[in-house]
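This report describes one protein structure, part by part. Look over the sequence and the structure before reading on.

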Amino acid sequence: TGYVTLDPGYVNTGACTSAITYIDGEAGILRYRGYPIGELAEKSNFLEVSYLLIYGSLPTRSQYEEFADRIRRHTLLDENLKRFFDGFPRDAHPMAVLSAAVSALSTFYQDSLDPLDPEAVEISMVRLLAKLPTIAAYAYKKTVGQPFLYPDNSLGYVENFLRMTFGLPAEPYVVDPVVAQALDLLFILHADHEQNCSTSTVRLVGSSQANLFASISAGIHALSGPLHGGANAAVLEMLERIKAEGGNVTEFVERVKRKEKGVRLMGFGHRVYKNYDPRAAIIKRTADDLLARLGKSDELLDIAKELEEVALNDDYFIERKLYPNVDFYTGLIYRAMGFPTKMFTVLFALGRLPGWIAQWREMVNDPMTKIGRPRQVYVGEPERSYVPIDER
Ligand code: CMC
């Protein structure tokens, strides 16, 4: 007792065992439940991957249909929860709204919050998966002042979300299959990434036996920071700044290397990957493909590619093994789809949800689980005596 190993940022500390996601950061390998990410991205879909992450194996056709059907039947928000959106200011950040609404879900489903009751967990998982796209779409509608659309349950998961986001009540909205397919792919690529900051937050909050909604709400806040999920928005802001300043990529890289305050190459570097992030490779191809299929071009994509090229050939980045991560090219895809920058991290949250749920559920079912409670090394004052206020 009394002996504490100090590990700021938990660089070397394992906090759990997990059978969900495997990463080999040196080799650039990522697998969900043993399946390589590239294969899932090519052949699966987001709901199937969600099932895989949560339950551990690919569903049979009937298991898949039952799962999809249960989710479809829970997409509506309670009308009282819908009214919460009225209270937020129009310029509220959609990540804050997302987290607040998820937190509020616990007030509507008080009969099914017990993390130790498997049936309660089951229905909570379904509710969350079903309602998060509705909440996300309403968070967007709020920012543009447009009316909220009820879910259309004849549509698929991603199609329904796109319609609630971009559709209007007065006119029929036809979902572009190219956009839906690309978004589904991005959701698969974001679905889990073992013990990252937000997932560890979900587990830590859940380790006190707080309910699933409370744990996920906390995870959304953890994701919002620019060093984590918020990086996808920060990348776009960085590209826009470079463009506004004349598009001089080399000069920007020099500023990064000088470590000017607040200047980092956003979308580069990773705690675990010391090689090309396998997700970034797929996303780069998707960005090219989507822009071509939508018949769009984007000067920011050219800047991003140039930036990558310069960085990958520069000693600073080579020595530190800094490669593009998942966030480097996603913003350009979201932008081509019509999402404003503020929504980018919300899209990350929609994709990461099944991973958070799977990790929370694994933790709840693990007999090794204890409340998370890190130690510290105290560096403050030794004991001293209280001085009355007039004598200080
Ligand atoms: N630009 C410039 N230098 C960097 C960068 C970067 N993006 N990332 C790391 N470095 C340098 C850092 O300055 C340090 O150099 P030195 O040894 O001279 O002090 C070295 O590389 C090691 O970096 P670190 O900060 O100790 O690494 P970390 O594991 O603590 O941080 C990171 C990982 C992802 C927070 C960091 O690379 C970063 O801030 N990247 C930019 C933000 C970003 O893209 N985040 C998304 C991460 S991936 C998906 C997700 O989690 O959402």
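Leaving aside neighbours within four places in sequence, His 270 is in contact with Asp 277 and Asn 325. The model shown here is predicted.

**The annotated residues**

An unreviewed UniProt entry lists His 270 and Asp 327 under "active site". These two residues span 58 residues in sequence, yet their C-alpha atoms are no more than 10.6 Å apart, so they gather at one spot. His 270 lies in a loop, between helix H12 (249–257) and helix H13 (278–293). Asp 327, in turn, has its place in helix H16, which covers residues 327–337.

Is His 270 buried or exposed? A residue counts as buried when 20 or more other C-beta atoms lie within 10 Å of its own. His 270 has 20 such atoms, so it is buried. Asp 327 has 29 C-beta neighbours inside 10 Å and therefore also counts as buried. Not counting residues up to four places away in sequence, Asp 327 touches Ala 231, Asn 232, Val 235 and Gly 267.

**The ligand**

The ligand is surrounded by 20 residues. The closest are Ala 231, Leu 265, Gly 269, Arg 271 and Asn 325. By type, the shell around the ligand divides into eight nonpolar, eight polar and four charged residues. Two names recur from the contacts given above: Ala 231 is touched by Asp 327, and Asn 325 is in contact with His 270.

**Helix H16 and its partner**

Helix H16 packs with helix H14 (residues 299–312) at an angle of about 170 degrees, and the two axes are 10 Å apart. Because of that angle, H14 is roughly antiparallel to H16. H14 contributes Leu 300, Leu 301 and Ala 304 to the contact, while H16 contributes Phe 328, Tyr 329 and Leu 332. The residues of this contact divide into six nonpolar, no polar and no charged.

**An enclosed helix**

How many of the ten residues of helix H7 (residues 157–166) are buried? Ten of the ten are, so H7 is largely enclosed by the rest of the structure. Among the buried residues are Glu 159 and Arg 163, along with Phe 161 and Leu 162. The cover over H7 includes helix H2 (46–55), helix H3 (61–72), helix H6 (118–144) and helix H8 (177–190).

One of these covering helices, H2, contains Leu 52. Leu 52 is buried, because 23 other C-beta atoms lie within 10 Å. Leu 52 and Ala 358 are 306 residues apart in sequence, but 9.1 Å apart in space, C-alpha to C-alpha. Not counting residues up to four places away in sequence, Leu 52 touches Tyr 32, Arg 33, Ser 57 and Leu 58.

**Two residues with positive phi**

Most residues other than glycine have a negative phi. Arg 33 has a positive phi, near 50 degrees, and is not a glycine. Gln 209 is not a glycine either, and its phi is positive at about 70 degrees. The table gives the place and the surroundings of each.

| Residue | Place | Other C-beta atoms within 10 Å |
|---|---|---|
| Arg 33 | loop between strand E2 (29–32) and strand E3 (35–36) | 19 atoms, partly exposed |
| Gln 209 | loop between helix H9 (197–206) and helix H10 (212–224) | 13 atoms, partly exposed |

Arg 33 also links this section to the one before, as Leu 52 of helix H2 touches it.

Definitions and conventions. Residues are numbered from 1 along each chain as its sequence is written. This is a predicted model: local features need pLDDT of at least 70, side-chain atom pairs count only at pLDDT 80 or more; totals for chains, interfaces and linings use all residues. UniProt positions are given in the numbering used here, feature names are shortened, and annotations may be inferred rather than shown by experiment. Helices (H or I, at least four residues) and strands (E, at least two) are DSSP runs, numbered from the N terminus. A residue is buried if 20 or more other C-beta atoms lie within 10 Å of its own, exposed if 12 or fewer, and partly exposed in between; C-beta atoms are placed from the backbone. Two residues are in contact if their C-beta atoms, placed from the backbone, lie within 7 Å. Axes are lines fitted to C-alpha atoms, for helices over the stretch in contact, and angles run from 0 to 180 degrees between N-to-C directions. Angles under 35 degrees count as roughly parallel, over 145 as roughly antiparallel, 65 to 115 as roughly perpendicular and the rest as oblique. Ala, Val, Leu, Ile, Met, Phe, Trp, Tyr, Cys and Pro count as nonpolar, Asp, Glu, Lys and Arg as charged, and the others, Gly among them, as polar. A residue is near a molecule or strand if its C-beta atom, placed from the backbone, lies within 6 Å of it.
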